[in-house]
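Please take a moment to look over the sequence and the structure shown below. The paragraphs that follow lead from the chain as a whole to one of its sheets, and then to a single residue.

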Amino acid sequence: MQKIYAAITAVNGYVPDYVLTNHELETMVETNDEWITSRTGIRERRVLKGEGVATSDLAVPAVKGLLEKRGISAEEIDLIIFCTSTPDMPIPATANILAHKIGAKNAWGWDLQAACSGFVYGLTTGAQFIESGKHQKVLVVGGDRMSAIVNYEDRATCILFGDGCGAVLLEPNTEGLGVIDSILKSDGAGCQFLYVKAGGSLKPASHDTVDAREHYAYQEGQTVFKSAVTNMADVAAEVIERNNLKGEDIAWLVPHQANKRIIDATASRAGVPAEKVMINIDRYGNTTNGTIPLCLWEWESKLKKGDNIILAAFGGGFTWGSVYLKWAY
């Protein structure tokens, strides 16, 4: 009996129209374009503006475009895994809201929260449902409206994040193409260095928490940077070595877009040259769960069937992981 692999058969993305540049941020906080660019590699990011809009509104155009590309209806989707740190609301899951908005009447689903590693966690999880033979079409969405939880008076965090969403469709493959291997890790000791202090059951929303601005993302930059450089690079190298690959065997490295220096360190450790690394952090900033699928979307025309692709991410929690996949089309 042939082994079933979970292959990506379609990818699509969406970013909002509004461009928030470094120069505009100079008018909001004490910072400057040269400082931001040299330390992060970010020149601009996208922001979803308007009343009554949420993360699901980033996902709808991304997913509708994906379905159109693949030539299928939303009713054919079996499962939706929505990887996000900024759900529309605590209850219900944004996966359910998205299913309703696109008409995926036969899909069940849930939200997966693993900070910036959510998409690699979600892709690996979705692959299990395909490999088991249980499902035929699994939608893995990675998207965040980070502008909703960014304090634009905190120059340590407001320069980093943007809004965006990407989605992939997983389907069965018997040619040996798709998700081949993954390594996923976490360490809860890192929770105090990148988190939102209030709004959960530990510290419910109150006048005090709002006044203290505790519903925004807080980050201890140096600690997160050091952990990300080490762990994201190590796990990418580990999945490459475990599959008897070398840098020259990799068609593309797709790193989470948190910081250009972290990306460079990961590429160096994996032995992948700069021209084989997908980078869009300069235009979109850190879209959290959106970074990796947005890269795949933008580079789709350059991907070839059989290409060896390495995904790598690091996020708050701490969470990190890497996926090795073979491109299927």
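**From the whole chain to one sheet**

Among contacts in the protein chain between residues at least 6 apart in sequence, where contact means heavy atoms within 4.5 Å, 76% join residues at least 24 apart. The model is predicted, so that local features need pLDDT of at least 70 and side-chain atom pairs count only at pLDDT 80 or more, while totals for chains, interfaces and linings use all residues. Residues are numbered from 1 along each chain as its sequence is written, and side-chain values use heavy atoms, with hydrogens and water left out.

The protein chain holds ten helices and 13 strands, these being DSSP runs numbered from the N terminus (helices are H or I of at least four residues, strands E of at least two). Its radius of gyration is 19 Å, close to the 20 Å that the globule rule gives for 329 residues, so the protein chain is as compact as a globular protein of that length; the radius is taken over C-alpha atoms, and the rule is 2.2 Å times the number of residues to the power 0.38. Of the 329 residues, 55% count as buried, which here means under 20% relative accessible area, whereas exposed means over 50% and partly exposed lies in between (1.4 Å probe, protein chains only).

Within this chain, an open sheet of five strands follows the order β1-β7-β6-β4-β5, with mixed pairing; two strands pair if DSSP finds at least two bridges between them. Because β1 (5-14) and β5 (108-112) stand at the edges, each with a single partner strand, one side of each is left without a neighbour in the sheet. The twist from one strand to the next averages 20 degrees, where axes are lines fitted to C-alpha atoms, for helices over the stretch in contact, and angles run from 0 to 180 degrees between N-to-C directions.

At one edge, β1 pairs with β7 (residues 163-173) in the antiparallel sense over nine bridges, and Ala 7 has Glu 171 in β7 as its bridge partner. Helix α10 (residues 291-299) packs on the sheet and touches β1, β6 and β7, its direction making about 85 degrees with that of β1. Seven of the nine residues of α10 are buried, and what covers them includes β1, α5 (118-131), β6, β7, β11 (252-255) and β12 (308-315).

What lies on the two faces of β4? Leu 79, Ile 81 and Cys 83 on one side, and Ile 80 and Phe 82 on the other, are all buried, and both faces are thus covered. Five bridges join β4 to β5, and these two strands run parallel, with Phe 82 standing opposite Asp 111 in β5. Between them the chain crosses from β4 through α4 to β5 in a right-handed β-α-β crossover, a term that applies if, with the strands pointing away from the viewer, the path from the first strand over the helix to the second runs clockwise. β4 also pairs with β6 in the parallel sense over five bridges, and there Cys 83 has Gly 142 as its bridge partner. Helix α4 (residues 94-102) lies across β4 (79-83), β5 and β6 (138-145), and runs at about 125 degrees to β4.

Finally, Asn 22 is found in helix α1 (residues 22-26) and is buried, with a relative accessible area of 0%. Leaving aside neighbours within four places in sequence, Asn 22 is in contact with residues including Asp 33, Ile 36 and Arg 45.
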